[in-house]
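Dear colleague,

Please find the structure below, handed over for your examination. My findings follow it.

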Amino acid sequence: MADIERIENDFLSAGVKYYGSELTSVKSKKTGREFIWCGDTSIWYGQSPILFPIVGRLLDDKYMLNGKEYSMPKHGLYRKRNSTLVSNDGSSVTFMQTDDDETFKKYPFHFDIYVKFQLEGKSLKVTHTVVNKNDGVMYFSIGAHPAFNCHIGDKLIFEKKETLSTEKIDSDSIRLNEKFPLLKNSNEIEITKDIFKEDALILSGIKSKYVTLNVPEDRYSVKFDFNSSPYLGIWAKPGAPYVCIEPWWGVNDSRDKTDDFSKKDEILSLDSGKKFEMSWQAYFDEQ
């Protein structure tokens with residue numbers, strides 16, 4: 001079995017790993033330019049992990065559900081499991097994961113998750129669909145974490161002028177209670193050498209529907225539509241030549257932890273037999 005499934009259309013080619021359904025490449029067919037971070041293990045091994053059923057880290061990597069304690073690693077379970085290929089029609093590919101005995105020990109719910117990667121013109125749309133296979137309500141978070149090549153000094157430009165504060169996390173990846181001013185009636189964030197020295201920017205209350213990564217040195221831009229996700233994480237290893245633009249339906253724990261997973265900050269609830277869908281879309285424009 002191949003480790004990667006490949007898709008293409010007239011403008012782009014893309015590759016997705018079986019392991020974690022992780023996007024590993026989006027290339028221009030016109031120029032051969034690679035838009036996705038290479039996953040250099042000396043800097044950051046990831047490329048576009050999928051975050052489920054938590055986003056970020058739990059306090060002490062533990063949570064309570066119905067009076068029982070469970071343990072789960074940062075960003076959850078999906079990203080470090082093999083996925084099953086559902087279909088590949090040439091320009092789109094769909095993978096899925098389902099629960100098993102090992103996941104149930106850490107996350108006591110039955111689920112299916114489908115992740116579809118669809119090339120549409122000069123864009124890639126990624127759709128995540130969560131299915132609740134339990135008799136009762138299922139609680140979860142889900143997020144995306146794609147990394148795009150860029151340079152220090154490049155800018156992220158929101159659709160509209162924003163006044164935003166950022167939440168931050170401590171050395172244990174736990175959310176601080178304080179918020180820090182980031183934008184005041186402005187729409188530009190410059191990617192500096194030190195902007196991520198205290199880890200990710202965690203943004204909420206965004207009016208814009210998309211943000212554009214401008215890479216003038218390489219004469220391209222990536223317009224990223226985050227489809228009204230309640231949180232947007234922005235992150236890279238300090239000084240590294242990429243930036244992650246991360247739509248989140250969920251967020252790291254704070255130290256004001258609730259007594260049950262069902263009451264976790266920004267947790268999603270899904271009724272029996274129902275589906276939840278989140279998507280993002282990146283439009284690649286070369287000058």
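A residue is called buried when its relative accessible area is under 20%. Tyr-220, at 2% relative accessibility, therefore counts as buried. Please bear in mind throughout that this is a predicted model.

**Aromatic pairs**

Tyr-220 is a suitable starting point for the aromatic residues. The search of the whole structure finds 19 aromatic pairs. In one of them, Phe-35 and Tyr-220 are arranged edge-to-face, with 5.1 Å from centre to centre and 80 degrees between the planes. This pair links distant parts of the chain: Phe-35 belongs to the loop between β3 and β4 (50-51), Tyr-220 to strand β18, and the two positions lie 185 residues apart. Phe-35 is buried as well, because its relative accessible area is 1%.

Another pair consists of Trp-44 and Tyr-242, whose ring centres are 5.6 Å apart and whose planes meet at 25 degrees, so the pair is stacked. Planes under 30 degrees apart count as stacked. Trp-44 lies in the loop between β3 and β4 and Tyr-242 in strand β20 (residues 242-249), so the pair ties together parts that are 198 residues apart in sequence. Both Trp-44 and Tyr-242 are buried.

Beyond these pairs, one aromatic cluster is formed by Phe-52, Tyr-107, Phe-109, Phe-111, Phe-140, Trp-249 and Phe-276.

**Nonpolar cores**

The largest nonpolar core has 76 residues, and the members that touch the most others are Tyr-107, Phe-117, Phe-140, Phe-148 and Phe-158. Tyr-107 and Phe-140 thus appear both in this group and in the aromatic cluster. Setting aside residues up to four places away in sequence, Tyr-107 touches Phe-52, Pro-53, Tyr-63, Met-72, Leu-77, Met-138, Tyr-139, Phe-140 and Phe-261. There is also a second, separate core of seven residues, among them Leu-51, Val-55, Ile-169 and Val-251.

**Strand pairing**

Strand β22 (residues 275-286) is joined to strand β10 (residues 123-132) by nine bridges, and the two run antiparallel. Within this pairing, Thr-129 has Glu-277 in β22 as its bridge partner. Strand β22 also pairs with strand β18 (residues 220-225), again in the antiparallel sense, over six bridges. Here Lys-223 stands opposite Tyr-283 of β22. Strand β18 is the strand that holds Tyr-220 of the edge-to-face pair.

An open sheet of three strands, with antiparallel pairing, has the order β1-β2-β3. Its edges are β1 (4-8) and β3 (23-28); each has a single partner strand, so one side of each is left without a neighbour in the sheet. From one strand to the next, the twist averages 15 degrees. Strand β2 (residues 12-17) is joined to β3 by five bridges, the two running antiparallel, and Val-16 has Leu-23 in β3 as its bridge partner.

**Two residues in β15 and β17**

Ile-189 is placed in strand β15 (residues 175-190) and counts as buried because its relative accessibility is 4%. Apart from neighbours within four places in sequence, Ile-189 is in contact with Asp-154, Lys-155, Leu-156, Phe-158, Leu-182, Leu-183, Ile-195, Leu-203 and Ile-234. One of these, Phe-158, is also among the residues with the most contacts to other members of the largest core. The C-alpha atoms of Ile-189 and Leu-213 are separated by 9.6 Å, the two residues being 24 apart along the chain.

Thr-212 is found in strand β17 (residues 210-215). With a relative accessible area of 15%, Thr-212 is buried. Not counting residues up to four places away in sequence, Thr-212 touches Lys-155, Leu-156, Ile-157, Ser-221, Val-222 and Lys-223. Lys-155 and Leu-156 are also contacts of Ile-189, while Lys-223 is the residue opposite Tyr-283.

**Cysteines**

The structure holds zero disulfides. Why is Cys-150 not bonded to Cys-244? The closest cysteine sulfur to that of Cys-150 is in Cys-244, at 9.4 Å, which is too far for a bond; a disulfide requires the sulfur atoms to be within 2.5 Å. Both residues are nevertheless buried: Cys-150 has a relative accessible area of 3%, and Cys-244 one of 0%.

Yours sincerely

Note on methods:
Residues are numbered from 1 along each chain as its sequence is written. This is a predicted model: local features need pLDDT of at least 70, side-chain atom pairs count only at pLDDT 80 or more; totals for chains, interfaces and linings use all residues. Side-chain values use heavy atoms; hydrogens and water are left out. Helices (H or I, at least four residues) and strands (E, at least two) are DSSP runs, numbered from the N terminus. Buried means under 20% relative accessible area, exposed over 50%, partly exposed in between (1.4 Å probe, protein chains only). Contact means heavy atoms within 4.5 Å. Two strands pair if DSSP finds at least two bridges between them. Axes are lines fitted to C-alpha atoms, for helices over the stretch in contact, and angles run from 0 to 180 degrees between N-to-C directions. A nonpolar core is a set of buried Ala, Val, Leu, Ile, Met, Phe, Trp, Tyr and Cys residues joined through side-chain atoms within 4.5 Å. Rings of Phe, Tyr and Trp (its six-membered ring) pair if their centres lie within 6.5 Å; planes under 30 degrees apart count as stacked, over 60 as edge-to-face and the rest as tilted.
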